[in-house]
Amino acid sequence: MPHTLRDEFECGHLKELTLRYLRLLERGVEIEFSSSATAPSVSRVLVPRPEQVGDATWNAFDGTTASVREWTRRGIAIPVQEAYDTQAQSGSVDDQGTIRLHMP
């Protein structure tokens, strides 16, 4: 089972996507990734970052997990995949052609 968010892109839930970068920001983690699916694209999403296990942000995305490893998959990887699947064709595109996604 993948241990980190990078692992999720390499061999886990997000393996159909290619990680371009992860950027730690004060309000969360910005993730940029690409897809070579039917319509090749570059997408970016801001994932809120919990301060600690069990806080409001943690619970908002997946309050059933007790480990960071599980939360990385259920609280980040799965919602990022859902954001891509539901918004990739309709998200707003910036001046560089990057699709801005929003967490579900």
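**Exercise 1. The largest pocket**

Task: State how many residues line the largest pocket and which of them lie nearest its centre.

Solution. The lining of the largest pocket consists of 13 residues, and those nearest the centre are Arg-49, Pro-50, Val-68, Trp-71 and Ile-76. The structure examined here is a predicted model.

Step 1. Consider which elements contribute. Two or more lining residues come from each of β3 (41–48) and α3 (68–87). The greatest contribution is that of α3, with 4 residues.

Step 2. Consider the character of the lining. Its residues comprise 9 nonpolar, 2 polar and 2 charged.

Step 3. Consider the volume. The largest pocket holds about 150 Å³ of space.

**Exercise 2. The order of the strands**

Task: Determine the order of the strands in the open sheet, and name the edge strands.

Solution.

Step 1. The sheet has 5 strands, and their order is β1-β2-β3-β5-β4, with mixed pairing.

Step 2. An edge strand pairs on one side only, and this holds for β1 (18–25) and β4 (92–93).

Step 3. The pairs may now be taken in the order of the sheet. β1 and β2 run antiparallel and are joined by 7 bridges. These two strands form a hairpin, with 2 residues between them. Strand β2 (residues 28–35) is in turn joined to β3 by 8 bridges, again in an antiparallel arrangement.

Step 4. Between β3 and β5 there are 4 bridges, and the sense is parallel. Between β4 and β5 there are 2 bridges, and the sense is antiparallel. The hairpin of β4 and β5 has 4 residues between the strands, and in this hairpin Gly-97 has a positive phi near 85 degrees.

**Exercise 3. Partners across the sheet**

Task: Identify the residue of β2 that stands opposite Leu-24, and then the residue of β3 that stands opposite that partner.

Solution.

Step 1. Opposite Leu-24, in β2, is Val-29.

Step 2. Opposite Val-29, in β3, is Val-47.

Step 3. Other bridge partners can be located in the structure. Ser-34 has Val-42 of β3 as its bridge partner. Ser-43 is partnered by Ile-99 of β5, and Ser-92 is partnered by Arg-100 of β5.

**Exercise 4. The nonpolar core**

Task: Name the residues that touch the most other members of the largest nonpolar core, and the element that gives the most to this core.

Solution.

Step 1. The core has 21 residues, and those touching the most other members are Phe-9, Ile-31, Phe-33, Val-45 and Val-80.

Step 2. At least two core residues are supplied by each of α1, β2, β3, α3 and β5 (98–101). The element giving the most is α3, with 6 residues.

Step 3. The covering of β2 may be considered alongside this core. In β2, 8 of its 8 residues are buried, and the strand is mostly covered.

Step 4. A general tendency may be recalled here: in soluble globular proteins, nonpolar side chains tend to be buried together.

**Exercise 5. Classifying residues by accessibility**

Task: Decide whether Glu-8 is buried or exposed, and do likewise for Val-47 and His-102.

Solution.

Step 1. Two cut-offs are needed: a residue is buried under 20% relative accessible area and exposed over 50%.

Step 2. Glu-8 belongs to helix α1 (residues 5–11). Its relative accessibility is 1%, and therefore Glu-8 counts as buried. The side chain of Glu-8 is joined to that of Arg-73 by a polar contact of 3.1 Å.

Step 3. Val-47 belongs to strand β3. Val-47 has a relative accessible area of 2%, so it is buried.

Step 4. His-102 belongs to the segment after β5. Its relative accessible area is 53%, so His-102 is exposed.

**Exercise 6. Separation in sequence and in space**

Task: Establish how many residues apart in sequence His-102 and Val-47 are, and what distance lies between their C-alpha atoms. Then treat Val-47 and Glu-82 in this way.

Solution.

Step 1. His-102 and Val-47 are 55 residues apart in sequence, and 8.4 Å separates them in space, C-alpha to C-alpha.

Step 2. Val-47 and Glu-82 are 35 residues apart along the chain, and their C-alpha atoms are separated by 13 Å.

Technical notes:
Residues are numbered from 1 along each chain as its sequence is written. This is a predicted model: local features need pLDDT of at least 70, side-chain atom pairs count only at pLDDT 80 or more; totals for chains, interfaces and linings use all residues. Side-chain values use heavy atoms; hydrogens and water are left out. Buried means under 20% relative accessible area, exposed over 50%, partly exposed in between (1.4 Å probe, protein chains only). A polar contact is a pair of N or O atoms within 3.5 Å; within protein, one must be able to donate a hydrogen and the other to accept it, and residues adjacent in sequence count only if both atoms are side-chain atoms. On a 1 Å grid over the protein atoms alone, a cavity is a set of points where a 1.4 Å probe fits but cannot get out, and a pocket is an open set with protein on both sides within 12 Å along at least five of seven lines; lining residues have an atom within 4 Å of a point. Grid points are joined across faces, edges and corners, and a volume is the space filled by probe spheres set on the points. Ala, Val, Leu, Ile, Met, Phe, Trp, Tyr, Cys and Pro count as nonpolar, Asp, Glu, Lys and Arg as charged, and the others, Gly among them, as polar. Two strands pair if DSSP finds at least two bridges between them. A nonpolar core is a set of buried Ala, Val, Leu, Ile, Met, Phe, Trp, Tyr and Cys residues joined through side-chain atoms within 4.5 Å.
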